[in-house]
Amino acid sequence: MSQLEILINRFLDDRSELAPAELDELIAGLRAEPDRAVQLREQLVVDDLLAQKMTVDRRNFMAQVQQRIADFERTEDEIDNQVSELRELATAQFERPSRWSGNSTWVRAALALSLAAALAGFFLLPRWRTSERRPVARVVAVQGTVTATENQATAALVQSETLFSGQGIAAPVGSSLTIEYDDRTQIRIAGGSQLTLDIEQQTGAKRMTIDSGEIWATVAKQTVGAMEFATPHAVAVVLGTQLHITVTADDTLLEVTEGQVRLDRLAQRDSIDVAANQSGLASETLLQLRPLVWPASTEGLAYAFDPFVRRVPRARNPNTRNWYSSELDRVGSTAVNEFTDALELTGGYFHSQDDGHDIVTVSQGSDGFSLELVFSSAQGDSADPARIVGLAGEDGKDNFYLSQAGDELTFVLRTDGPPPPPMKFQLPSVLGPNKAVHLAITYGSGQITAYHEGQALPTTLALEGSLAAWTSGKLLIGADRGGASPWRGTIEAMAIYHRCLGASELARNVNNYKALARVEP
Amino acid sequence: MALETLPAMSEPSDPQLDYETIVRETQAHIRAYIAGMGVPRHDVDDIAQDVYLELYRFFDRVPAEVHPKQWLKGIARNLCLNYFRRTSRRNRLQREALVEIFLRAEQEGPPGLAEGPIRRALDGCYKKLAPESRRMLALRYEQELPSQTIAQRLNTSPEAVRVALFRIRATLKNCITKNLASENG
């Protein structure tokens with residue numbers, strides 16, 4: 001291989017790798033051999049086409065152009081407004097009646113001072129001017145006591161109340177707030193959140209500073225400049241999309257379900273574009289792009305299957321804590337959908353002794369529990385209790401089960417505390433075939449709570465104790481331990497945890513599931 | 001501002017072409033054109049965005065008789081020169097010399113990669129590559145690994161990786177040229 005070929009290859013590898021003397025050598029070589037220059041240029045072109053196709057942050061060029069234009073428009077508006085203010089200042093100066101002659105030294109000095117003041121105003125006014133109080137959004141739903149603080153005065157928010165720029169919002173744990181802007185941009189603020197609403201004074205672009213907590217946003221297409229969510233770690237720049245932001249003391253997690261959001265770390269001066277079904281994590285030390293997953297976290301996850309990743313059910317090996325795939329055994333009329341891998345039950349049931357054993361083994365030391373289920377029921381009006389899912393114990397008692405009778409669901413969880421009555425509840429929507437619902441039931445802090453589509457249902461049940469009372473047995477889907485009480489319907493996804501999932505984590509899981517379901521073929 | 005809300009270009013060579021259509025249809029070529037002047041890969045899209053911002057600002061001033069892509073190439077050329085002018089003097093002179101060499105190469109070389117649905121052609125040609133070639137491209141372009149790291153993973157030398165990538169790109173270039181020629185012919 002010639003020296004020129006080596007230099008060409010190194011230049012292709014990295015445009016800034018060659019030392020000045022080597023670059024001189026390359027230039028001389030290309031001038032001497034024009035065919036090589038043609039070849040190198042073609043290599044550069046194909047190199048870039050491949051990067052356009054394969055490199056993640058180069059795939060959304062159209063969105064980047066759109067963002068660039070929005071930034072430009074915003075800057076133009078800011079300059080226009082500054083110039084208008086400057087003109088007003090100057091006009092005020094000239095309109096002021098004067099009894100002094102224009103030739104006076106005093107008048108000249110005054111004009112010079114005016115000019116200096118005007119120039120200072122041009123550069124400093126936007127920064128010095130205090131923020132004008134402007135209506136920003138209104139409250140469309142509030143649960144619990146959520147407060148707004150302004151000028152050290154705090155008041156509880158009520159439905160339909162108008163929110164203003166500069167107001168600090170505090171949503172304590174267990175509460176939630178949904179606000180809506182004029183353009184129908186809607187933000188749901190989870191309990192445990194602290195944030196400040198604001199608006200760009202010049203352009204009217206929306207701003208939100210999130211100190212801690214979580215928000216879900218459906219942002220309408222923004223015409224006056226990108227909406228920005230600032231956290232201690234980064235700024236999410238949004239033109240119109242659906243997203244979820246979680247801010248902790250250490251990092252900011254941005255999850256995008258629709259559109260694209262730019263996540264900037266201002267201190268480090270770097271950024272990533274987070275597209276639909278991706279998430280971006282920003283902290284002081286890292287900025288990382290990650291795909292959206294369901295469940296969002298595998299912490300405490302004992303068993304799961306879903307249509308996206310775990311198409312074959314997976315359980316955790318209690319010895320190694322590694323996951324293993326485990327086909328369910330079938331009895332009677334059942335099927336695994338060949339396209340979605342959903343479990344279809346039409347009189348028969350699924351079961352697994354090994355999975356049941358391992359779920360019990362990894363869960364026994366815990367004092368929390370969660371079950372997530374995405375299912376549709378074909379039970380119709382049948383009032384006979386039908387067993388959707390359960391974990392049998394070898395001592396003849398069930399560790400847990402969920403059953404359906406008509407529109408009523410029943411959940412029982414066994415602990416080493418006093419046995420509670422079954423928890424009976426109904427979902428806000430009617431159960432039916434082809435109407436998949438996301439149901440979650442959690443146990444923790446002395447209470448069982450059910451969630452429908454990520455929203456807590458009013459019915460709860462007090463319960464004490466841990467899962468130490470569980471005994472090994474079969475995992476059963478669609479029937480009880482005797483193969484009786486058959487349930488008819490479809491189970492798309494299921495996750496069993498040996499910890500209590502929080503409301504915000506469940507809401508995130510619902511969002512992630514829906515987002516992934518939209519893109520799955 | 002949303003791209004689709006922008007006005008149509010006044011008296012363009014093709015009156016049907018609006019801003020969004022122009023961006024969509026030319027962006028792959030313009031970005032590759034910028035890269036073809038020796039701009040580092042990580043700066044190509046920044047310059048390309050500036051090119052399309054200029055188009056946005058002066059949309060109604062593009063001469064009717066000039067095809068938008070030609071106009072965009074002219075803007076891209078100037079912005080690339082501005083980009084290199086910001087570097088140190090010696091480096092700037094070298095980079096300007098390289099731009100001159102590449103521009104001449106574009107004029108004197110075959111027009112193979114200049115026209116047509118180039119990304120579609122690339123997609124088709126990529127599928128025809130051998131699995132090991134695709135793997136190497138994934139390491140370079142998806143994972144953005146330097147040749148040194150790729151070499152370690154594949155148990156070979158960095159120079160061998162560079163040569164292999166050069167050959168794969170040459171194969172792709174020939175395939176794209178052939179496909180575009182048959183589509184245009």
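This section describes selected features of a predicted model with chains A and B.

The two chains meet in a contact that takes 42 residues from chain A and 47 residues from chain B. On the side of chain A, two or more residues each come from helix H1 (3-13), helix H2 (20-32), helix H3 (34-54) and helix H4 (61-95). Among these, H3(A) supplies the largest share, 17 residues. By residue class, the side of chain A that touches chain B divides into 21 nonpolar, eight polar and 13 charged residues.

Chain B has eight helices and zero strands. Read along the sequence, its pattern is therefore a run of helices, α-α-α-α-α-α-α-α. Of the 185 residues in chain B, 36% are buried. When contacts between residues at least 6 apart in sequence are considered, 61% of those in chain B join residues at least 24 apart. Helix H5 (residues 118-128) of chain B illustrates how burial is arranged along one of these elements. Its buried residues are Ile118(B), Ala121(B), Leu122(B) and Cys125(B). Seen down the axis of H5(B), these residues fall within an arc of 100 degrees, so they line one face of the helix. Such spacing can be set beside the geometry of the α-helix, which has 3.6 residues a turn, so that residues three or four places apart point the same way.

In chain A, seven strands form an open sheet with antiparallel pairing, in the order S21-S24-S33-S26-S27-S28-S29. Strand S21 (329-331) and S29 of chain A are the edge strands, each of which pairs on one side only. Direction ignored, neighbouring strands of this sheet are turned by 15 degrees against each other on average. Helix H6 (residues 353-363) of chain A packs on the sheet and touches strand S24 (349-352), strand S26 (386-392), strand S27 (398-405) and S33 of chain A. The direction of H6(A) makes about 60 degrees with that of S24(A).

At one edge of this sheet, strand S28 (residues 408-413) of chain A and S29(A) pair in the antiparallel sense over four bridges. Within this pairing, Phe411(A) stands opposite Met423(A) in S29(A). The side chains of S29(A) (residues 423-426) alternate. Met423(A) and Phe425(A) point to one face and are buried, whereas Lys424(A) and Gln426(A) point to the other and are not.

Strand S11 (residues 235-238) of chain A, by contrast, is covered on both faces. Val235(A) and Val237(A) lie on one side and Ala236(A) and Val238(A) on the other, and all four are buried. S11(A) is joined by four bridges to strand S10 (residues 227-230) of chain A, and the two run antiparallel. A hairpin of four residues joins S10(A) to S11(A), and the bridge partner of Glu228(A) in S11(A) is Val237(A). Four bridges also join S11(A) to strand S14 (residues 260-265) of chain A, again in the antiparallel sense. In that pairing Val238(A) stands opposite Val261(A) in S14(A).

Several of these residues recur in the largest nonpolar core, which has 176 residues. The members that touch the most other members are Ala236(A), Val238(A), Leu254(A), Val261(A), Ile359(A), Met494(A) and Ile34(B). Leaving aside neighbours within four places in sequence, Ile359(A) is in contact with Ala302(A), Tyr303(A), Ala315(A), Leu391(A), Leu475(A) and Ile496(A). In soluble globular proteins, nonpolar side chains tend to be buried together.

Three backbone features in loops of chain A remain to be noted. The peptide bond from Trp294(A) to Pro295(A) is cis, with omega near -10 degrees. Pro295(A) is placed in the loop between strand S17 (287-291) and strand S18 (301-305) of chain A. Gln152(A), although not a glycine, has a positive phi of about 65 degrees. Gln152(A) is found in the loop between strand S2 (147-150) and strand S3 (153-156) of chain A. Gln152(A) has 5 other C-beta atoms within 10 Å and is therefore exposed. Ser485(A) is likewise not a glycine and has a positive phi of about 55 degrees. The loop that holds Ser485(A) lies between strand S33 (475-477) and strand S34 (488-497) of chain A. Ser485(A) counts as buried because 21 C-beta neighbours lie inside 10 Å.

Methods: Residues numbered from 1 in each chain as written. Chains lettered and ligands numbered in written order. Predicted model: local features only at pLDDT ≥ 70, side-chain atom pairs only at ≥ 80, totals over all residues. Buried ≥ 20, exposed ≤ 12 C-beta atoms within 10 Å, placed from the backbone. Contact = placed C-beta atoms within 7 Å. Nonpolar A, V, L, I, M, F, W, Y, C, P; charged D, E, K, R; others polar. Pairing = 2+ DSSP bridges. Axes fitted to C-alpha atoms, helices over the stretch in contact; angles between N-to-C directions. Core = buried A, V, L, I, M, F, W, Y, C linked by C-beta atoms within 7 Å. Arc of directions from axis to C-beta.
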